Amino acid sequence: MALGARRGQGGNGSSYLFLIPALLLYSAFVVYPLFTGLTYSFFSWKGTLRDSFAGLDNYAGLLSGSFLDQLLPALGHNALLFAGTMLVQNTLGLAFALALSRVRRGKRALQTMFALPYLVNPLVIGYLWTLLLSPAFGPVNALLKPLGLAMPWLGDPDTALPTVIVITTWQWVGFPMLLFSAALGGIPQEYAEAARTDGAGSWQVLRRITLPLLKPAMATVTILSFIGSMGTFALVYALGGSNGAPAGATDVLGLLFYRTAFASGDVNALGTSSALAVFMFTFIFGSTLLLERVLRRKA
Amino acid sequence: MRLAAAAVALAMAVTACAPSTTTRADQGKITLSVWGWGPEANYDKMFAEYEKANPGVDVDARSFTTATEYDTILSTGLAGDNGPDLAWLRAGANLQPLVEAGRLLPLDTKDVPGLAAYDEKVLRYAKGDKDGKVYGVPFAVQTLQVIYNKKIFADNGITPPKTYDEMISSAQKLKAKGIIPFAFGGKDDWMLPIVASIFGTAHWGGDDFIAAVKAKQKKFADPRFVEGIDQLNKLKPYFPDNAAGVSYTDAQILFSSGKAAMFPGGLWELNFFGENAKDIELGVFTPPVPEGQGLMPGFTDGSYGVNVKTRHKAEALKFAAWLASKDYGQLYTDTLRIFSAVPGVTPKDPLLGEVSTTFDRHGATYFMNEFAYGNPSSAAVFSKALQEMLLGRITAKQAAEQLDKSVSTWL
């Protein structure tokens with residue numbers, strides 16, 4: 001009876017009831033840790049023992065000379081990774097999607113093949129590529145040697161980050177490709193046909209019709225790439241270790257956090273790393289919101 | 001999905017409430033749990049000896065093979081109520097967070113008489129920096145030297161060098177024959193200060209220099225220290241091509257596959273090569289310097305500490321006393337083929353015996369562990385600087401200056 005009565009009122013109250021389990025889990029595993037991380041950053045620590053209230057001291061520590069010397073290059077590398085991902089991975093993803101939209105037979109199989117590497121854990125991919133690119137035993141250099149192009153791809157600071165971008169692309173290119181493919185499938189054929197009837201070439205159709213209609217998909221891909229590039233850890237860790245070898249050329253925020261929290265041996269490691277985590281969260285979250293605003297307005 | 005997550009949460013809650021593993025068993029037998037890293041089987045074997053002599057005690061060794069996560073696992077374990085009774089502790093700087101948090105029982109010679117016999121140089125790494133108390137029984141001393149392939153040496157008419165010039169000419173000879181003289185890779189940057197100290201410690205005068213830096217009488221930019229680390233640049237022709245891009249594992253494989261004749265590294269490599277390159281006969285030497293005899297750097301690798309919350313304090317301390325005894329030292333050295341930190345142990349293994357003699361005569365402190373403080377730690381800063389030096393981006397002097405700058409933030 002009661003149930004029937006409630007249903008009669010529109011059912012809004014009971015539908016909230018179903019959200020409770022998810023809300024509880026979300027609070028326990030996402031909101032609560034985020035909040036404790038925030039509070040941790042305002043205290044000084046002795047190992048895992050909370051010491052005294054430190055105010056903004058931990059944040060001031062982030063800006064101290066020796067720490068800032070690591071923070072800024074790491075942030076710069078994250079930004080370069082994002083730029084590289086946009087230029088190489090997403091451009092290639094778009095090209096694959098456009099090419100595949102003309103393929104009639106085996107489209108599915110090709111899509112699966114392009115997307116396959118992203119099913120593999122980035123750590124595995126990282127170790128695999130370290131072996132492939134090893135200057136002592138790697139098959140890649142063995143192939144390039146006759147051409148005079150053999151070099152320590154991951155061992156030279158000039159080539160290390162571009163190599164990371166290439167490997168990231170190799171792993172993730174299937175993802176923008178799938179998104180763009182889906183968006184392409186949603187564009188009615190009539191637009192292109194009408195344009196062609198009016199005498200537009202295929203380049204004009206692409207530039208004036210297809211690309212503008214892909215803008216929402218591009219915005220999504222850009223935002224996801226940004227979040228991915230800023231939070232990257234596993235692949236760079238597997239390729240260059242926790243210090244971002246060689247000579248810090250592949251150091252990123254994730255590695256810096258890992259080192260600060262778990263590998264520094266500093267008594268106040270928990271305080272400093274919590275402050276860094278809060279900074280990272282605020283920075284990534286804020287930038288994402290901003291990016292979304294700008295892109296959505298344009299789209 | 002949600003159900004699975006809830007099940008996991010429930011399971012976690014149940015485990016958290018479960019009684020500790022260190023409960024009294026029915027027959028009044030006590031279980032002491034010990035946490036550490038490295039192969040568990042070795043510890044079971046060694047601790048079985050203790051169980052034989054002490055029938056009332058069952059020692060349960062638990063090993064966390066992921067050494068990088070061990071610190072987190074241990075600090076969490078000790079903070080809660082389910083921690084071990086005893087645990088392996090890191091040496092020096094990395095021990096301090098646990099000491100400052102008050103997680104460990106200070107040890108004195110009343111409870112652990114063996115500690116009295118330890119060399120102060122060894123014991124220092126198990127002490128709290130602020131209170132000077134001992135918090136662990138050191139278990140191992142690692143030495144750093146050059147390991148060489150006896151067959152390659154013999155085939156090329158080379159013997160372990162007595163002088164610096166001889167070392168260089170032998171290296172040239174090997175290189176001319178297409179053999180890489182030194183298997184060394186600088187991609188994993190923790191290897192860089194190790195190798196710099198193997199070739200350089202005698203250049204900067206070992207412990208006296210380190211003491212002078214600590215007393216702020218000298219700086220690392222001192223010409224002698226710069227000359228020491230510059231050895232990496234001078235020996236670069238005898239390292240693999242693009243040494244800065246060669247990883248630690250690559251270097252190990254270069255040596256174990258017989259492509260390289262020598263491997264500058266820690267004594268722990270003997271174990272690795274013993275298992276992975278069974279047919280290679282190994283020798284060791286300490287690189288000479290132009291002035292003559294070289295110095296062999298070494299460091300205390302870790303110690304056994306007692307959890308301040310242990311429910312079996314008396315038994316744990318008795319076990320700690322055994323860990324500081326010669327019996328355990330001998331057992332440790334012979335089982336693991338690593339130096340025990342217990343004084344007066346003579347290794348059965350002849351190679352280890354040779355290293356032991358050299359270390360007694362020409363031992364020095366591995367400098368980097370003395371300067372592993374700060375955030376970022378000076379060790380991390382200097383490892384990176386050495387990597388840049390090896391890549392030719394900065395000079396040895398600039399690398400030393402970077403170390404000075406980092407050290408000045410905490411010394």
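A polar contact is a pair of N or O atoms within 3.5 Å, of which, within protein, one must be able to donate a hydrogen and the other to accept it. With that rule in hand, the tour of this predicted model can start at the boundary between the two domains of chain B, where 6 residue pairs are in polar contact, both residues of each pair being at pLDDT 80 or more.

**The two domains of chain B**

Colour chain B by its domain assignment, which gives domain 1 as 13-141 + 301-356 and domain 2 as 142-299 + 366-407. The centres of these two domains, taken over C-alpha atoms, are separated by 31 Å. Now select the residues at the boundary: 18 residues of domain 1 of chain B are in contact with 19 residues of domain 2 of chain B. Between them the two domains of chain B bury about 1,500 Å², with 57% of that area on carbon and sulfur atoms. Display B:Y125, B:L351 and B:V355 next, since these residues supply 33% of the area that domain 1 of chain B buries against domain 2 of chain B, more than any other three residues.

The charged pairs across this boundary come next, and the count between domain 1 and domain 2 of chain B is 2 salt bridges. Select also B:K121 and B:D207, whose side chains meet in a salt bridge with an N to O distance of 3.4 Å. On the side of domain 1 of chain B that touches domain 2 of chain B, β4 and α16 of chain B each supply at least two residues. The largest share of that side, 4 residues, comes from α16(B).

**The nonpolar core**

Turn now to the largest nonpolar core, which holds 129 residues, and select B:F47 and B:I229, the members that touch the most others. Domain 1 and domain 2 of chain B both give residues to this core, so the core lies between them. Which residues does B:F47 touch, not counting those up to four places away in sequence? They are B:V34, B:V59, B:A61, B:Y304, B:F319, B:W322, B:L323 and B:Y328. Moving to chain A, select A:I125, A:I167, A:L239 and A:V252, which are included in a second, separate core of 16 residues.

**Salt bridges within chain B**

Over all chains the count comes to 19 salt bridges, and several in chain B deserve a stop. At B:K130 and B:E100, the closest N and O atoms of the salt bridge are 3.2 Å apart. This pair links distant parts of the chain, 30 residues apart, with B:K130 in the loop between α5 (120-123) and β4 (137-149) of chain B and B:E100 in helix α4 (residues 96-100). Are the two partners buried or exposed? B:K130 counts as exposed at 70% relative accessibility, whereas B:E100 is buried, with a relative accessible area of 18%.

Select next B:K214 and B:E370, whose salt bridge has its closest N and O atoms 2.4 Å apart. B:K214 lies in helix α9 (residues 206-214) of chain B and B:E370 in helix α17 (residues 367-370) of chain B, so the pair ties together parts that are 156 residues apart in sequence. B:K214 is partly exposed, with a relative accessible area of 34%, while B:E370 counts as buried at 6% relative accessibility. Add B:R124 to the selection, for B:R124, B:K214 and B:E370 are linked in a network of salt bridges.

Continue to B:D334 and B:K348, where the closest N and O atoms of the salt bridge are 3.5 Å apart. B:D334 lies in helix α15 (residues 326-336) of chain B and B:K348 in the loop between β9 (339-340) and α16 (350-362) of chain B, so the pair ties together parts that are 14 residues apart in sequence. Here B:D334 counts as partly exposed at 31% relative accessibility, and B:K348 is exposed, with a relative accessible area of 69%.

**Where chain B meets chain A**

Finally, show both chains and select their interface, in which 39 residues of chain B are in contact with 38 residues of chain A. The area buried between chain B and chain A is about 3,000 Å², and carbon and sulfur atoms give 58% of it. Polar contacts between chain B and chain A number 8 residue pairs, both residues at pLDDT 80 or more. How many salt bridges cross the interface of chain B and chain A? There are 2. Select B:K405 and A:D69 as well, a salt bridge whose closest N and O atoms are 3.4 Å apart. To trace the side of chain B that touches chain A, highlight α1 (2-17), α3 (67-79), α4, α12 (248-256) and α18 (378-390) of chain B, the elements that give two or more residues to that side.

Conventions
Residues numbered from 1 in each chain as written. Chains lettered and ligands numbered in written order. Heavy atoms only, no water. Core = buried A, V, L, I, M, F, W, Y, C linked by side-chain atoms within 4.5 Å. Buried < 20%, exposed > 50% of the residue type's maximum accessible area, 1.4 Å probe, protein only. Domains from an automatic or database assignment. Contact = heavy atoms within 4.5 Å. Salt bridge = Lys/Arg side-chain N within 4 Å of Asp/Glu carboxyl O. Buried area = accessible area lost by both parts, 1.4 Å probe. Polar contact = N/O pair within 3.5 Å; in protein donor to acceptor, adjacent residues only side chain to side chain.
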